[in-house]
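This briefing covers one protein chain and its ligand. The points below are grouped by topic and can be read alongside the coordinates.

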Amino acid sequence: MKKILITGANGQLGNEMRVLFESYSQFEFFPTDIAELDLCNKQAIDDFITENKIDYIVNCAAYTAVDKAEDEIDLCYKINRDAVENLAQAVSGKAKVIHVSTDYVFNGQGENPYKETDSTDPQSVYGKSKREGEEVLLKNCKESIIIRTAWLYSSFGNNFVKTMMRLGKECASLNVVADQTGTPTYAADLAKAIMDIIVFDTEKQSFPAGIYHYSNEGICSWYDFTLKIHELSGITTCKVNPITTDQYPTKAKRPMYSVLDKTKIKETFDLEIPEWVESLKKCIVKI
Ligand SMILES: NC(=O)c1ccc[n+]([C@@H]2O[C@H](COP(=O)([O-])OP(=O)(O)OC[C@H]3O[C@@H](n4cnc5c(N)ncnc54)[C@H](OP(=O)(O)O)[C@@H]3O)[C@@H](O)[C@H]2O)c1
């Protein structure tokens, strides 16, 4: 039986991976978070992989506080780059890695969906640390797949969907940025795609290493996203006002445009990706 280690298993994506365990009884899962397996401890990773004979690692662990990262630079790099290097060096030749990265590796000045081959130019500490995490993984572990995703939300943890549902109930009006364009990603869909990739490898003995892009299908702004969140959760008493990025200054710079081109992941693994509104409906029912 193939064995799958999930790191960062208490986060949004990690919890969505846990939901899938019972649907994949052909695998044995080892969910861990920082308390069980701190990725900053290289020896601990090495021991865990060897003792449990791990075949795949799905790395859901990360430092994800984008604005706080501008102040906590060392901690952000420690988790998003150095811990990934630890992981890569500890597992190389022993297990295959599926690692998750971000649309923030791009500068957001593009006008067409970003392809995996487009040049990166991260604008924030978080984005830079994640890009360097990609680089150390590719350099140190040949059998690794990196999935860049965007605007991740889930019924687990804190995220934009939950915040807008709460504010929608509490406030008579709300200002939301309308000039940043991207695509939301339901973490449950991403978790399923990750399992599809692992099943693909076990059935076809093919693990095409490299970078892939994954979000839901479609395009929207944070403003459009908010309107849909309110509509689908029956919130009618809050007026949502579109504003510009300049009117909502944040510590970390966000990409203005970060739509990802998903052609490569769809074609390589024969994946079907749901539209963002359909997935949002499913998540809101769970919340
Ligand atoms: N959230 C988004 O909008 C978004 C967008 C694009 C890409 N991504 C990427 O998608 C992936 C999953 O994101 P997510 O939203 O599910 O993240 P998340 O909810 O913040 O979960 C990350 C988990 O990793 C744990 N962790 C932190 N440091 C660790 C360490 N040294 N060892 C082991 N575990 C550690 C965290 O624990 P603590 O909570 O105790 O720190 C947390 O449980 C990440 O790679 C992220 O960069 C996220």
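What percentage of the 287 residues in the protein is buried? Buried residues make up 45% of them. The model is a predicted one.

**Overall dimensions and content**

- The protein has 287 residues and a radius of gyration of 19 Å, which agrees with the value near 19 Å for a compact globule of that length.
- The C-alpha trace spans about 55 × 35 × 35 Å along its principal axes.
- The secondary structure consists of 9 helices and 12 strands.
- Among contacts with a separation of 6 or more, 84% join residues that are 24 or more positions apart.

**Strand β1 and its partners**

- Strand β1 covers residues 2-7 and pairs in the parallel sense with strand β2, residues 27-31, over 5 bridges.
- Between these strands the chain runs from β1 through α1 to β2, and this β-α-β crossover is right-handed.
- β1 also pairs in the parallel sense with strand β3, residues 56-59, and this pairing has 4 bridges.
- Residue I4 appears in both pairings: F29 stands opposite I4 in β2, and Y56 is the bridge partner of I4 in β3.

**Residue T7**

- T7 belongs to strand β1.
- T7 has 28 other C-beta atoms within 10 Å; the threshold for a buried residue is 20 or more, so T7 counts as buried.
- Leaving out residues up to four places away in sequence, T7 touches T32, L37, L39, I57, N59, C60 and A61.
- T7 and L87 are 80 residues apart along the chain, and their C-alpha atoms are separated by 10 Å.

**Ligand surroundings**

- The ligand is surrounded by 26 residues, of which G8, G11, Q12, A61 and A62 are the closest.
- Three elements give two or more residues to this shell: α1 (12-20), α3 (73-91) and β4 (96-102).
- The largest share comes from α1, with 3 residues.
- By residue class, the shell divides into 13 nonpolar, 10 polar and 3 charged residues.
- A61 links two topics here, as one of the closest residues to the ligand and one of the residues that T7 touches.
- Helix α1 likewise recurs, since it contributes 3 residues to the shell and lies on the path from β1 to β2.

**Positive phi outside glycine**

- W151 has a phi near 45°, a positive value in a residue other than glycine.
- This residue, W151, lies in the loop between β5 (144-149) and β6 (152-153).
- W151 is buried because 23 other C-beta atoms lie within 10 Å.
- Q205 is also a residue other than glycine with a positive phi, near 50°.
- Q205 sits in the loop between α6 (187-204) and β10 (210-213).
- Is Q205 buried or exposed? Q205 has 7 C-beta neighbours inside 10 Å, and a residue with 12 or fewer is exposed, so Q205 counts as exposed.
- Both residues are in loops, W151 in the one between β5 and β6 and Q205 in the one between α6 and β10, but W151 is buried whereas Q205 is exposed.

Conventions
Residues numbered from 1 in each chain as written. Predicted model: local features only at pLDDT ≥ 70, side-chain atom pairs only at ≥ 80, totals over all residues. Contact = placed C-beta atoms within 7 Å. Near = placed C-beta within 6 Å. Nonpolar A, V, L, I, M, F, W, Y, C, P; charged D, E, K, R; others polar. Rg over C-alpha atoms; globule rule 2.2 N^0.38 Å. Pairing = 2+ DSSP bridges. Right-handed = clockwise from strand over helix to strand, strands pointing away.
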